[in-house]
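Student: I should like to learn how to read a structural model from its overall fold down to a single residue. Could you guide me through one?

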2 protein chains.
Amino acid sequence: MKNIKLEIMYDGRNYFGMQIQPNKLTIQGEIEKALKDLFKSEIKLNYAGRTDRGVSAYKMVANFFVDTKIEAEKIALALNPLLPDDIKVLSSESVGEDFNARFSAKYKTYMYKFYSSKITLPLFLSETQIKGELNFTKMKKAAKFLIGTHDFTSFANPDTQIEDKVRTIKQIKILRENIDGVWHYSVFITGNGFLYNMVRIIVGTLIQVGEGKIKPEEIKTILKLKDRTKAGKSMPPESLYLINVKY
Amino acid sequence: MKNIKLEIMYDGRNYFGMQIQPNKLTIQGEIEKALKDLFKSEIKLNYAGRTDRGVSAYKMVANFFVDTKIEAEKIALALNPLLPDDIKVLSSESVGEDFNARFSAKYKTYMYKFYSSKITLPLFLSETQIKGELNFTKMKKAAKFLIGTHDFTSFANPDTQIEDKVRTIKQIKILRENIDGVWHYSVFITGNGFLYNMVRIIVGTLIQVGEGKIKPEEIKTILKLKDRTKAGKSMPPESLYLINVKY
């Protein structure tokens with residue numbers, strides 16, 4: 001048996017998320033179908049993290065066990081013709097038997113993209129539009145209060161069934177670029193794990209700080225209160241990307 | 001009468017090009033329809049250049065004459081709700097009566113995007129995929145031979161009805177960026193005018209140089225021969241963008 005590690009890129013906008021669900025189009029579902037086509041047996045895919053409906057990935061990491069004579073590096077090229085155009089395997093390699101894409105992951109980095117303009121920009125529809133102006137300095141200041149190990153109950157969808165809400169955020173980088181007079185923002189968040197909707201709620205809260213609706217220092221209180229209603233709204237999934245997984 | 005100058009962004013992938021055509025979805029058609037809705041009269045739009053079917057624009061410049069009490073700067077905001085999401089007016093202003101978006105234009109800049117990878121990248125479907133590896137140095141060298149005033153017959157679709165094939169290319173910049181091991185290229189071409197498919201044929205030729213199929217120095221011969229069959233193929237329109245018009 002070989003343990004095969006995959007790096008996968010997908011445009012998730014037409015999918016019900018990573019995790020397989022009956023009668024729904026999912027990333028895991030499509031990949032397991034391609035694996036079955038290629039290896040003629042049912043293969044279970046492990047992957048670094050569930051991405052929600054509509055979320056995309058520049059680099060999702062996954063692994064599976066298979067008994068095959070196909071060279072590990074060639075599996076990517078063999079799988080791709082069996083996959084839709086919006087899901088492709090970037091690379092495949094053989095790894096040690098104890099590697100598990102989910103449990104071996106140390107950090108994941110997500111990116112969220114938005115721009116601030118009264119006018120909708122047709123060539124940037126994959127970025128979320130914020131109509132008001134944003135105070136960049138305040139957003140960066142607020143982000144610092146989220147770094148570290150905290151109980152993120154205030155920043156999680158209450159529907160989650162996970163009890164332990166403590167997570168560690170290692171880094172939040174907010175970059176912006178001015179294109180023809182419009183500020184385009186990318187927020188990069190690296191952490192050891194994320195609760196349901198956590199990245200989107202963090203970004204929604206940082207935007208409310210930028211809009212002047214929440215003061216940067218209030219982040220400390222919002223964390224302490226462990227109350228979802230105190231943080232900002234969850235941003236739309238279509239501008240969220242899993243960027244990288246570190247092992 | 002006011003002469004109103006517009007800057008327009010559009011995602012042209014669902015359109016039959018800029019120029020109005022009966023029973024076809026065009027950018028000009030959609031904008032003139034919005035102008036008619038707003039001003040309750042038939043208004044003819046002038047614009048910097050016809051972009052082909054599928055081509056997009058970060059900044060197309062247009063102008064029209066109207067008798068209105070609406071403040072020039074507010075026309076953009078008034079037009080946008082009357083336009084589809086993939087066409088938006090970025091700005092509007094009042095200009096002198098002799099300004100004509102087409103005839104006053106001195107230079108236009110187009111950008112063409114592609115990447116070089118055996119594997120199709122789902123998050124870069126708006127860039128054309130080149131499967132082979134490209135020699136960047138040779139491409140830049142070839143581009144230099146196109147700068148200046150030349151007869152571009154070899155680089156124009158022969159279906160064009162324009163007699164004078166002499167144009168001046170002011171600048172060709174080829175930039176590339178490595179994202180996760182893949183080279184993404186942007187070719188910027190600035191000229192005083194472009195023949196039918198000229199930008200796409202120039203880029204197709206530069207790619208053939210990068211692939212080693214044409215030597216950089218051969219560009220000189222290709223220009224001299226005035227024979228369309230000697231240059232490279234025309235690249236797909238979906239990765240072409242009008243970037244800027246200079247007056």
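The dialogue below takes up one chain, then the interface, then one residue.

Tutor: Please keep in mind throughout that this is a predicted model. Let us begin with chain A.

Student: How many helices and strands does chain A have?

Tutor: Chain A contains five helices and 10 strands. Its radius of gyration is 19 Å, close to the 18 Å that the globule rule gives for 247 residues, so chain A is as compact as a globular protein of that length. The C-alpha trace of chain A spans about 60 × 40 × 30 Å along its principal axes.

Student: What share of the residues in chain A is buried?

Tutor: A residue counts as buried when its relative accessible area is under 20%. In chain A, 54% of the 247 residues are buried. Sequence separation offers another view of the chain: among contacts between residues at least 6 apart in sequence, 70% join residues at least 24 apart.

Student: Turning to the interface, how many residues of chain B are in contact with chain A?

Tutor: On the side of chain B there are 24 residues, in contact with 24 residues of chain A. The area buried between the two chains is about 1900 Å², and carbon and sulfur atoms give 79% of that area. Ile119(B), Pro122(B) and Leu123(B) supply 33% of the area that chain B buries against chain A, more than any other three residues.

Student: How many salt bridges and polar contacts should I look for between the chains?

Tutor: There are two salt bridges between chain B and chain A. One of the residue pairs joined by a salt bridge is Asp180(B) with Lys59(A), at 3.4 Å from N to O. Two residue pairs are in polar contact across the interface. On the side of chain B that touches chain A, the elements giving two or more residues are strand 1 (2-10), strand 3 (56-66) and strand 4 (87-95) of chain B. By class, that side of chain B has 15 nonpolar, three polar and six charged residues.

Student: Finally, is Ile169(B) buried or exposed?

Tutor: Ile169(B) lies in strand 8 (residues 166-179) of chain B. Because its relative accessible area is 1%, Ile169(B) is classed as buried.

Student: Which residues does Ile169(B) touch?

Tutor: Leaving aside residues up to four places away in sequence, Ile169(B) touches Leu146(B), Ile147(B), Gly148(B), Phe152(B), Ile189(B), Thr190(B), Gly191(B), Met198(B) and Ile202(B). By way of contrast, the C-alpha atoms of Ile169(B) and Pro22(B), which are 147 residues apart along the chain, are separated by 33 Å.

Notes: Residues are numbered from 1 along each chain as its sequence is written. Chains are lettered from A and ligands numbered from 1 in the order in which they are written. This is a predicted model: local features need pLDDT of at least 70, side-chain atom pairs count only at pLDDT 80 or more; totals for chains, interfaces and linings use all residues. Side-chain values use heavy atoms; hydrogens and water are left out. Contact means heavy atoms within 4.5 Å. Buried area is the accessible area (1.4 Å probe) that two parts lose on being put together, summed over both. A salt bridge is a side-chain nitrogen of Lys or Arg within 4 Å of a carboxyl oxygen of Asp or Glu. A polar contact is a pair of N or O atoms within 3.5 Å; within protein, one must be able to donate a hydrogen and the other to accept it, and residues adjacent in sequence count only if both atoms are side-chain atoms. Helices (H or I, at least four residues) and strands (E, at least two) are DSSP runs, numbered from the N terminus. Ala, Val, Leu, Ile, Met, Phe, Trp, Tyr, Cys and Pro count as nonpolar, Asp, Glu, Lys and Arg as charged, and the others, Gly among them, as polar. Buried means under 20% relative accessible area, exposed over 50%, partly exposed in between (1.4 Å probe, protein chains only). The radius of gyration is taken over C-alpha atoms; the globule rule is 2.2 Å times the number of residues to the power 0.38.
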